[in-house]
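Biologist: I'd like a close look at one part of this model, the pockets and whatever sits around them. Could you walk me through it?

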Amino acid sequence: MHTHIFPDKVARKATLNVVDYFGLPEPPNHFGTVDELTAVLDDAGIDYALVFSAATTPHQVEGVNRYILEQTASHRKLLPCGTLHAGFEGFREELRWMREHGIFGVKIHPEFQHFVLDDPRLFPMFEEMERQDMFLIAHMGDPRVNVSGPKRLLPVAQTFPKLRCIAAHLGNWGDWDVEKVRPIARLDNVYTDISSSFSYVTQHEPLYDVLREYDPSHVFFGSDYPIWCPKKERRKAEMLQLPDGFRLEDILFHNFARFYHYQSL
């Protein structure tokens, strides 16, 4: 439930920009085109993938959302997730359009969109998302900046208790301090994914400490394609020494299938 796609003409550049920004330890496994992703999913034995792309400016919002809808309408394996921007004024109409066209979630990436996750301009958007039963996926954490992460998500999740929030990357990428993550992990409306976490570090024990804080039914599998390879990430997930109460088949499929209740997978 965590893949990024880009138009063919910008996919390679966009992917390399992500790698450069985060200083990732290895080159990207892929480059984010739709045709490549569907082939990779087939090779990995993965039936469905949620796809999204963040609008880096307000005027990109509508174009990105229509691109996502167009691609998912043409590819059975792909489920759409939209985007918003703190500076986008037409959010009510856009959320209504998304909902009517089968887009039920919104991806926010504060680092690339240049605003904080608890920016007051986003709160009316979150309120409308809660009203329309839409979910939020947020990139979480970057130790170099303070624009996302648990402290930024906490006021959002507490203010809108019916807004289901997915705190990506175990809730605080690059700073998996269990004490920092615990306040959001204990909230009923906060979920997480394991993307760009266990593959990013060699010492896994701190990540297991964070994982144990979450309700086992609130943890999803994500590869963070194209940075990481879905086939490799599935194999790594299958090798995890999961704590008691956590089941691999739930993380790989059942948890998100229940979460994504708008239509049958």
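How many nonpolar, polar and charged residues are there in the lining of the largest pocket?

Modeller: Keep in mind that this is a predicted model. By class, you get 16 nonpolar, 12 polar and 3 charged residues in the lining of the largest pocket. The volume of that pocket comes to about 710 Å³. Its lining has 31 residues, and the ones closest to the centre are F6, A14, V18, S53 and A54. As for where the lining comes from, α1 (8-22) and α3 are the elements that give two or more residues to it. Helix α1 provides the largest share, with 7 residues.

Now for α3, since that helix also leads us to the sheet. Helix α3 covers residues 61-74 and lies across β2 and β3, running at about 150° to β3. The sheet itself is an open one, built from 3 strands in the order β1-β2-β3 with parallel pairing. At its edges sit β1 (3-4) and β3 (78-80), each of them pairing on one side only. Another helix, α2 (residues 34-44), packs on this sheet and touches β1, β2 and β3, its direction making about 125° with that of β3. As a general point, the strands of a sheet pair through backbone hydrogen bonds, in either a parallel or an antiparallel way. Here, strand β2 (residues 49-52) and β3 run parallel and are joined by 3 bridges. If you want a spot to click on, take V51, whose bridge partner in β3 is P80.

Strand β2 is also a handy route to the other pocket. The second largest pocket has a volume of about 460 Å³. There are 24 residues lining it, and I46, Y48, F221, L252 and F253 are the ones nearest its centre. The elements giving two or more residues to this lining are β2, α10 (230-238) and α11 (248-259). With 6 residues, α11 makes up the largest share. Going by class again, the lining of this second largest pocket splits into 16 nonpolar, 5 polar and 3 charged residues.

So, for your tour on screen, you could begin with α1, the source of the largest share of the largest pocket's lining. From there, go to α3, which lies across β2 and β3. Then follow β2 over to the second largest pocket, where this strand lines the space along with α10 and α11.

Note on methods:
Residues are numbered from 1 along each chain as its sequence is written. This is a predicted model: local features need pLDDT of at least 70, side-chain atom pairs count only at pLDDT 80 or more; totals for chains, interfaces and linings use all residues. Side-chain values use heavy atoms; hydrogens and water are left out. Two strands pair if DSSP finds at least two bridges between them. Helices (H or I, at least four residues) and strands (E, at least two) are DSSP runs, numbered from the N terminus. Contact means heavy atoms within 4.5 Å. Axes are lines fitted to C-alpha atoms, for helices over the stretch in contact, and angles run from 0 to 180 degrees between N-to-C directions. On a 1 Å grid over the protein atoms alone, a cavity is a set of points where a 1.4 Å probe fits but cannot get out, and a pocket is an open set with protein on both sides within 12 Å along at least five of seven lines; lining residues have an atom within 4 Å of a point. Grid points are joined across faces, edges and corners, and a volume is the space filled by probe spheres set on the points. Ala, Val, Leu, Ile, Met, Phe, Trp, Tyr, Cys and Pro count as nonpolar, Asp, Glu, Lys and Arg as charged, and the others, Gly among them, as polar.
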